[in-house]
Amino acid sequence: MNSARLFAKAKKLIPKGVNSPVRYYEPYPFFVKDAKGCKINDVEGKSYIDYCMGYGSILLGHAYKDVIDEVKSQLKLGTLYCAPTESEIELAEMLSKSIPSAEMVRLMNTGAEATMHAIRLARAYTKKDKIVKFEGCYHGAYDYVLVKAGSGALEERIPLSEGMLNSVIDNTLVLPYNNIEAVEELFKRHNDIACIILEPVIANMGLILPKDGYLHKLAEIVKKNDALLIFDEVVTGFRLALGGAQEYYGIKADLATFGKALSNGFVISALTGRRDIMSCLAPEGKVYQASTFAGNPLSVRASIATLKMLKRTIYKELEKNSSYLTKAIKDLIIDHGIEARVNNIASMFQIFFSKMDIIDYESVISSNTDMFKTYFQQLLRNGVFIPPSQFETCFLSYSHTREAIDKSIEAIDSSLRKLG
Ligand SMILES: Cc1ncc(COP(=O)(O)O)c(C=O)c1O
């Protein structure tokens, strides 16, 4: 069955035919047959070079052998015990060694779960109610943080989802990113702020980098005001460096959350942080957090296999390939005389059709999203799959070969020509 017919069938049963909003684009998304390395293949036999990579989850490449072999051997031994295993300790040790502030670790399933419990923990530890988040940062689809969120919420222009509790969101203070004065001002006006939560590099309104010194300054303000700093490293974790943004920028957060690239595509997340805070989690402390599937052996073994690979210096190669690709895109923009900006860091990048430097929510929403949609469709026609929204980020994996990157550059060239 082709994608059109599958979509017609899917949309009768699944809202808009997709199980997460950003997967939809007009007229309908391609349906996937399989994926291997840097390629994703549809049911009609068309192959695309993938820069969506599970929205950053697939750092090593699709169906990466070492990870799949590890999971295969675990499958024979059982898939869920709901009792502790030695593997969980092995993974916690690996995380604690590589992540700067990870004195303790609790495994969970999704990124949303990890950030939600990080916030609850911060409220309990500080005995304060309010939280600060930034415009365009996305931490999951739940009430505490779904205020001016990025990702699909921004694509759909939903600054506040229907159905949210006002009593919850009244405690969520939202600020512009990269503006330290706004943070200082806010702390002068409120003495009941439990924490600041942020993506240290924002990957959910396109890609936005912190200004020099911004993260360190946030850490200072938080400390001075007896609040906590939570780094949501669900995207940046294991991507910017083995120790995530904390290692990359040389900074320690009080709590940090991980997911995505941790397991190269299996369901797992982790909340990590200072021992005195983490030990407030039940049953050691009184902050309740629980899950049937937490620490399930398949995801844990997949994570161990992934982290073993990441120990080797793959980051240099990823960065080399990423610089090569982003330089080519920047050159093509000039060649085609197109008004556009490219933000990039490590193996992440995004193009914005804008005259302005893209540094915050205001600058992002001023970029030309119609042009982005045309660019996306052109790329698809030319065999390259990127996230279908301006408010997402493109990701390279360790499996993107120079040959695939050169092919992608040709596709980008043809696609930009159509826009020029
Ligand atoms: C930075 C960040 N935090 C949290 C989440 C939520 O993770 P999940 O979709 O696994 O719940 C996401 C998802 O894209 C994310 O990008």
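Visitor: In which loop does P27 lie?
Guide: This is a predicted model, in which local features need pLDDT of at least 70 and side-chain atom pairs count only at pLDDT 80 or more, while totals for chains, interfaces and linings use all residues. Residues are numbered from 1 along each chain as its sequence is written, and side-chain values use heavy atoms, with hydrogens and water left out. Helices (H or I, at least four residues) and strands (E, at least two) are DSSP runs, numbered from the N terminus, and on this scheme P27 lies in the loop between α1 (3–13) and β1.

Visitor: What is omega for the peptide bond from E26 to P27, and is the bond cis or trans?
Guide: Most peptide bonds are trans. The bond that leads from E26 to P27 is cis, with an omega near -5°.

Visitor: Where does P283 lie, and what is omega for the peptide bond from A282 to P283?
Guide: P283 is found in the loop between α11 (275–278) and α12 (297–311). The peptide bond that joins A282 to P283 is cis, and its omega is near 5°.

Visitor: What value does phi of K127 take?
Guide: K127 sits in the loop that runs between α5 (111–126) and β5 (130–134). Most residues other than glycine have a negative phi. K127, a residue other than glycine, has a positive phi, with a value near 60°.

Visitor: Which residue of β2 stands opposite V32?
Guide: Two strands are said to pair if DSSP finds at least two bridges between them, and β1 (residues 32–36) pairs with β2 (residues 39–42) over 4 bridges in the antiparallel sense. The hairpin formed by these strands has 2 residues between them, with G37 taking a positive phi near 60°. Opposite V32, in β2, stands D42.

Visitor: Which residue in the turn between β2 and β3 has a positive phi?
Guide: Strand β2 is joined by 3 bridges to β3 (residues 47–50), the two running antiparallel, and N41 stands opposite S47. Their hairpin leaves 4 residues between the strands, and the residue in the turn with a positive phi, of about 90°, is G45.

Visitor: What is the bridge partner of D50 in β13?
Guide: Besides its hairpin with β2, strand β3 pairs with β13 (residues 384–385) over 2 bridges, in the parallel sense. Within β13, the bridge partner of D50 is F385.

Visitor: Which strands are at the edges of the open sheet of 7 strands?
Guide: This sheet has mixed pairing and follows the order β4-β10-β9-β8-β7-β5-β6. An edge strand here pairs on one side only, and the two that do so are β4 (104–108) and β6 (172–175).

Visitor: At about what angle to β4 does helix α4 run?
Guide: Axes are lines fitted to C-alpha atoms, for helices over the stretch in contact (heavy atoms within 4.5 Å), and angles run from 0 to 180 degrees between N-to-C directions. Helix α4 (residues 86–98) lies across β4 and β10 (269–273), and its angle to β4 is about 125°.

Visitor: Leaving aside neighbours within four places in sequence, which residues is A219 in contact with?
Guide: A219 has its place in helix α9 (residues 214–224). Strand β7 (residues 193–198) runs parallel to β8 (residues 228–232) and is joined to it by 4 bridges, with L229 of β8 as the bridge partner of I196. Once neighbours within four places in sequence are left aside, the residues in contact with A219 are L229 and I251.

Visitor: How do the residues of the shell around the ligand divide by polarity?
Guide: The residues around the ligand, each with a heavy atom within 4 Å of it, include T110, G111, H139, E199, D232 and K260. Ala, Val, Leu, Ile, Met, Phe, Trp, Tyr, Cys and Pro count as nonpolar, Asp, Glu, Lys and Arg as charged, and the others, Gly among them, as polar. On that basis the shell divides into 4 nonpolar, 5 polar and 3 charged.

Visitor: How much of the ligand's accessible area does the protein cover?
Guide: Among the polar contacts (pairs of N or O atoms within 3.5 Å), a ligand oxygen is 2.9 Å from a polar backbone atom of A112, and a ligand nitrogen is 3.3 Å from a polar backbone atom of Y138. A ligand oxygen also lies 2.9 Å from an N or O atom in the side chain of N204. Of the 390 Å² that the ligand has on its own (Shrake-Rupley method, 1.4 Å probe), the protein covers 80%.

Key. A polar contact is a pair of N or O atoms within 3.5 Å; within protein, one must be able to donate a hydrogen and the other to accept it, and residues adjacent in sequence count only if both atoms are side-chain atoms.
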